[in-house]
Amino acid sequence: MNALISGAPSAGVAPPLRANAKRTPQRVLPGFRLTLGYTVLYLSLIVLIPITALFFKTFTLTWEQFVFAVTSPRVMASYRLTFGASLIAALVNLVFGLLLAWVLVRYKFPGKKIVDALVDLPFALPTAVAGISLTALLAGNGWLGQYLEPMGIKLAFTPAGVVIALIFVGMPFVVRTVQPVLEDAEKELEEAATALGANRLQIFTKVIFPHIAPALLTGFAMAFARAIGEYGSVIFIAGNMPMISEITPLIIIGKLEQYDYAGATAVAVVMLVISFALLLVINALQAWQRKNTGASS
Amino acid sequence: MTSKLKTLLAALALATGGLASSQTLLNGSYDVAREFYKDYNAAFIAHYKKTTGKDVKIDQSHAGSSAVARSVADGLDADVVTMNTSTDVEFLANAGVVAKDWAKRFPGNASPTTSTMLFLVRNGNPKGIKDWDDLTKPGIQVIVVNPKTGGNGRYTYLAAWGYAKKKGATDAQAAEFVGKLYKNVPVLGKGGRDATTAFLQRNIGDVLVTFESEVVSVNKEFGEGKVDAVYPSISILAENPVAVVERTVAKKGTAELAKAYLDYLYSDEGQEIAAKHAMRPYSQAILKKNAAVFKPIQLFTVQEMFGSLSEAQKVHFNDGGQFDKLYTVR
């Protein structure tokens, strides 16, 4: 259970800040040095070296060129859209992902297995396919769009379309991080709370929520991180108008099309730094949360 | 298990053995040329077998024109590149993988085919669109490609700019004209196909500005009669340059084959196949023969109007250039 809450979900995004949480004199795996060496080597090869290369490419620019490349009005507008839409999408997923996980864990209904499998679909689907299907659905002549547009609701080719695409790709993260924690939650605690006279709201806010909050935050962070880097699904639905519906990854592609490698990596570095800072904040929040509630993990 | 592995290995050895006896050639090309080169490769293989008696296998690698150029520069072993904008070959020449004088190695600026920008309108042309001026009128929705991400878009922009200049506009007036046109753009396509999809599948816009060659594929894909092609009074000549990748052919020893492959593009047969795919052939005779498809139209070159494509790139499309100003200064 421990591993499920803190290890597995958060490992992909950011290292959990819990090195000192527990001191176990007897380790399960022997040869700490060897495993640490292996860990560092692997992380370097797969993550650190490519990212360092990114920074080095950027260093071919002078500071003025760098600032110009990353702060031009079009690029600034794209940051606002990318981070804003990602945040909204992650927040929506936070709420509805929790709901989905809740239903999947706590209720039995016919076809539950299928619903459970459907949750993973956004993981498996090529994102371009998702983008094309969403566009086909929401465009002015699409299944849904043909009813929505006469009502003045225009989704495809607007920033709203971007948010929808990002909700789609981020959805599984929250569900899949919260689900195992909910499954492991001990029924007895809730029963005890009921016996002590707590109402349903109190049980949720005082017993269940603190228990799942770290996992929920992790899921949120992952959905958010995924949305920031998303390209394939958004590109078809965004309309890609400069200053309005142009996401930052498109700016990067645009710079590459002009053979402006350094400019492209400069924008990429900015995205990387902002994303990393946000993830650190979320991680710190999570650690603080865990300490404060003294969650059983 | 082991016997299975053995058969697999044997099959693999056979397959590679079979490959080794004939030369392979990799053609790095842009997306939309896929169908053309499929036809052309079949013709070339037959021709090469007949003239030299050698078997040859041709692989194709397609992506956006500059994406291909980037991967070739980064080490993709393409023997030849066949692009849709000369900036892409220029980039490869600067990277040292293509000869500096590539444009002189083959006739017609090393461009066996050309194309031009024209308009696709909905059947019957309900908005009466005839020329570039009509695209700037209020209430007309124009679908174009983002010049930042597609050669198609760059040519559209330059064609509109050149049209204004040809009509006697100053640079400032041309900028205003192009600005008005882009105000009418509801969706900027990422690439040529993207824009076509928006126009035909999503039914957005009144007119699509695209390559002449796209018209044929549109008719093939969506059925004849859904759209009409409108030829503006003046448009731009878009060259489709080709070049041998010297780095690869030196390594693989395919210089002769690569040259033969590109030379054959200029043969009557190669030119006919190009015409069939709605690319304007270099050969005047074959161009005339297909006059029904390639309506005569006043064309200007990038060179006469903008100096060169890289020059135009600097002034118009690079960050902070004229195109950015259209969107940031309102």
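Start with chain A of this predicted model: of its 297 residues, 43% are buried. Colour chain A by secondary structure, and 14 helices and zero strands appear. Read from the N terminus, the order of elements is therefore a run of α alone, α-α-α-α-α-α-α-α-α-α-α-α-α-α. Among contacts in chain A that join residues at least 6 apart in sequence, 76% are between residues at least 24 apart.

**Annotated segments of chain A**

Next, select residues 35-56, 77-103, 123-144, 156-175, 208-227, 234-253 and 259-282 of chain A, which an unreviewed UniProt entry gives as "transmembrane region". Two of these ranges are worth showing on their own. Residues 259-282 of chain A are 92% helix and 0% strand, with 36 Å between the end C-alpha atoms. Residues 234-253 of chain A are 40% helix and 0% strand, and there the end C-alpha atoms lie 13 Å apart.

**Ser86(A)**

Select Ser86(A), in helix α4 (residues 73-106) of chain A. Is Ser86(A) buried or exposed? Its relative accessible area is 0%, under the 20% limit, so Ser86(A) counts as buried. Show the residues around Ser86(A): beyond its neighbours within four places in sequence, its contacts are Leu81(A), Leu166(A), Phe224(A), Ala227(A) and Ile228(A).

**A salt bridge within chain A**

Move to Asp116(A) and Arg176(A), whose side chains form a salt bridge with an N to O distance of 3.2 Å. Asp116(A) is in helix α5 (residues 112-119) and Arg176(A) in helix α9 (residues 159-184), so this pair ties together parts of chain A that are 60 residues apart in sequence. Both ends are partly exposed: Asp116(A) has a relative accessible area of 27%, and Arg176(A) has 23%. Over all chains, the whole structure holds 25 salt bridges.

**Salt bridges within chain B**

In chain B, select Arg193(B) and Glu214(B), which meet in a salt bridge at 2.9 Å, N to O. This pair links distant parts of the chain, 21 residues apart, with Arg193(B) in helix α10 (residues 192-200) and Glu214(B) in helix α11 (residues 212-222). Arg193(B) is partly exposed at 38% relative accessibility, whereas Glu214(B) is buried at 5%.

Then select Asp134(B) and Lys137(B), joined by a salt bridge of 2.7 Å, N to O. Here Asp134(B) is buried, at 11% relative accessibility, while Lys137(B) is partly exposed, at 44%.

**Where chain B meets chain A**

Display both chains and select the residues in contact: 30 from chain B and 27 from chain A. Together the two chains bury about 2,400 Å², 54% of it on carbon and sulfur atoms. Highlight Arg70(B), Arg202(B) and Asp319(B), which supply 26% of the area that chain B buries against chain A, more than any other three residues.

Which kinds of contact cross this interface? There are seven residue pairs in polar contact between chain B and chain A. On the side of chain B that touches chain A, α3 (65-73), α4 (86-94), α17 (309-317) and α18 (322-328) each supply at least two residues. The largest share, four residues, comes from α18(B). That side of chain B divides into ten nonpolar, ten polar and ten charged residues.

Two salt bridges also cross the interface. Zoom in on Arg74(A) and Asp324(B), which form a salt bridge whose closest N and O atoms are 2.9 Å apart. Finish by adding Glu246(A), Lys255(A), Lys148(B) and Asp319(B) to the selection: with Arg74(A) and Asp324(B), these residues are linked in a network of salt bridges.

Methods
Residues are numbered from 1 along each chain as its sequence is written. Chains are lettered from A and ligands numbered from 1 in the order in which they are written. This is a predicted model: local features need pLDDT of at least 70, side-chain atom pairs count only at pLDDT 80 or more; totals for chains, interfaces and linings use all residues. Side-chain values use heavy atoms; hydrogens and water are left out. Buried means under 20% relative accessible area, exposed over 50%, partly exposed in between (1.4 Å probe, protein chains only). Contact means heavy atoms within 4.5 Å. Buried area is the accessible area (1.4 Å probe) that two parts lose on being put together, summed over both. A salt bridge is a side-chain nitrogen of Lys or Arg within 4 Å of a carboxyl oxygen of Asp or Glu. A polar contact is a pair of N or O atoms within 3.5 Å; within protein, one must be able to donate a hydrogen and the other to accept it, and residues adjacent in sequence count only if both atoms are side-chain atoms. Ala, Val, Leu, Ile, Met, Phe, Trp, Tyr, Cys and Pro count as nonpolar, Asp, Glu, Lys and Arg as charged, and the others, Gly among them, as polar. UniProt positions are given in the numbering used here, feature names are shortened, and annotations may be inferred rather than shown by experiment.
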